[in-house]
Amino acid sequence: MPVTAYDLSGRTAFVTGAASGIGRASAVLLAEAGATVHCADRDAPRLHETATLIKGRGGTAHTHHLDVTDRAQLRRAVESCERLDAMAAVAGIMHSSPVLETRDEDLDRVLAVNFKGVLHACQEAALRMIADGTRGSIVTMASGAVDTGGPGLLCYGVAKAAVVQLTKTLATEVGRHGIRVNAVAPGWTRTPMTLRHGQAQARTEVFMARLSPLGRVGEPEDVAHAVLHLASDASSFTTGQILRPNGGVAMPW
Ligand SMILES: NC(=O)c1ccc[n+]([C@@H]2O[C@H](COP(=O)([O-])OP(=O)(O)OC[C@H]3O[C@@H](n4cnc5c(N)ncnc54)[C@H](O)[C@@H]3O)[C@@H](O)[C@H]2O)c1
């Protein structure tokens, strides 16, 4: 990668959800941009695959097998980093149920991972950056669901809307330390999360591709480039914003 504002040489990035999909693509791209990348996930085997991928391309990677719902685990992992310039809080789960069939435990589970997990990562990252005097960047993972809602998306959408609120609020509170906080809100992206749905996924993918002026759905690398943009100096005057790599899709409902 050329020496530009996207050059992360000498920087350290931490990525949650790094074992799969968007998190893995982000970890690989941040490493290709020159960062030492700390990869965190609860899926140990696939987490090590990501680290191997990065090292195979000449990058530097460390792994942290952890659950983002456990604040103490995240704290220990962040404290173990040599420094922290960028946090990408990507880990998340999908849940779909109609409002009238949604149980309290569904909402609690999705909020625990998709909101509290991101909150923990943001808090630990910001505290570390402030303590070190690092003018760092925090990137959260929202979703196009925050703009549109959608059938079955109550729990997921509520958690992602909370991530947007967290992002905007934290940006106003840590800006005086030179720390930036932004969200990425991807549209439909081909990852294990979406591919898990088999036939229904194939139909949805065709449907979503038709809604995009670009005529396709997203790939993890499309979203990773948005993460790199926000993690790097290329976005040095951008904070409290939502970047939408979604192929220009506007939902029809
Ligand atoms: N794929 C899409 O279409 C899409 C669209 C919008 C937003 N997103 C968001 O992007 C993020 C990544 O999604 P993806 O599509 O790459 O999914 P994915 O399932 O491929 O990857 C998610 C990763 O998060 C990890 N994870 C889940 N819960 C965890 C926990 N409690 N602790 C630690 N790690 C945990 C999983 O092990 C997995 O490696 C999620 O936050 C998701 O909501 C995805």
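**Group meeting talk: salt bridges, a ligand and a few contacts**

Okay, let's start with one residue: Glu124 is buried, at 5% relative accessibility. Buried here stands for under 20% relative accessible area, exposed for over 50%, and partly exposed for whatever falls in between, using a 1.4 Å probe and protein chains only. Before I go on, a word on what we're looking at: this is a predicted model, where local features need pLDDT of at least 70 and side-chain atom pairs count only at pLDDT 80 or more, while totals for chains, interfaces and linings use all residues. Residues are numbered from 1 along each chain as its sequence is written, and side-chain values use heavy atoms, with hydrogens and water left out.

Back to Glu124. Which side chain does Glu124 meet in a salt bridge? That's Arg71, with N to O at 3.9 Å. The pair links distant parts of the chain, 53 residues apart: Glu124 sits in helix α4 (residues 104-132) and Arg71 in helix α3 (residues 71-80). When I say helix, I'm talking about a DSSP run of H or I with at least four residues, and a strand is a run of E with at least two, all numbered from the N terminus. Now look at the two partners: Glu124 is buried, whereas Arg71 is partly exposed at 30% relative accessibility.

I should say what a salt bridge is: a side-chain nitrogen of Lys or Arg within 4 Å of a carboxyl oxygen of Asp or Glu. By that rule, the count in this model is 13.

Let me show you another one. Arg57 pairs with Glu32, and their closest N and O atoms are 2.8 Å apart. Arg57 is in the loop between α2 (44-56) and β3 (60-65), and Glu32 is in helix α1, so this salt bridge ties together parts that are 25 residues apart in sequence. If you click on them, you'll find Arg57 exposed, at 52% relative accessibility, and Glu32 partly exposed, at 38%.

Then there's Arg216 with Asp222, again a salt bridge, with the closest N and O atoms 2.8 Å apart. Arg216 is partly exposed at 41% relative accessibility, and Asp222 is partly exposed at 29%. Elsewhere, Arg24, Arg46 and Glu49 are joined into one network by salt bridges that share partners.

Okay, on to the ligand. There are 30 residues around the ligand, and Ser20, Asp41, Tyr156, Thr189 and Thr191 come nearest. The cut-off for being near is a heavy atom of the residue within 4 Å. What kinds of residues make up this shell? You get 15 nonpolar, nine polar and six charged.

Let's zoom in on some atoms. Arg42 has a polar side-chain atom 3.4 Å from a ligand nitrogen. In Tyr156, an N or O atom of the side chain is 2.5 Å from a ligand oxygen. Thr189 uses its backbone instead, with a polar atom there 2.8 Å from an oxygen of the ligand. And how much of the ligand does the protein bury? Taken alone, the ligand exposes 830 Å², and the protein buries 95% of that. The elements giving two or more residues to the shell are α1 (21-32), α6 (154-174) and α7 (192-195). Of those, α7 gives the most, with three residues.

Inside the protein there are polar contacts too (N or O atoms within 3.5 Å, where one must be able to donate a hydrogen and the other to accept it, and residues adjacent in sequence count only if both atoms are side-chain atoms). One such contact joins the side chains of Ser97 and His95, at 2.9 Å. Ser97 is in the loop between β4 (86-89) and α4, and it is buried, at 9% relative accessibility.

Last stop: two pairs that are apart in sequence. Thr239 and Ser137 are 102 residues apart in the chain, with 8.9 Å between their C-alpha atoms. Thr239 belongs to the loop between α9 (220-231) and β7 (242-243), and is partly exposed at 33%. Ala112, in helix α4, is 44 residues from Val68 in sequence and 8.6 Å from it in space, C-alpha to C-alpha. Ala112 is partly exposed as well, at 24%.

That's my tour, thanks!

Note on methods. Accessible areas come from the Shrake-Rupley method with a 1.4 Å probe; for residues, only the protein chains shown count as cover. Ala, Val, Leu, Ile, Met, Phe, Trp, Tyr, Cys and Pro count as nonpolar, Asp, Glu, Lys and Arg as charged, and the others, Gly among them, as polar.
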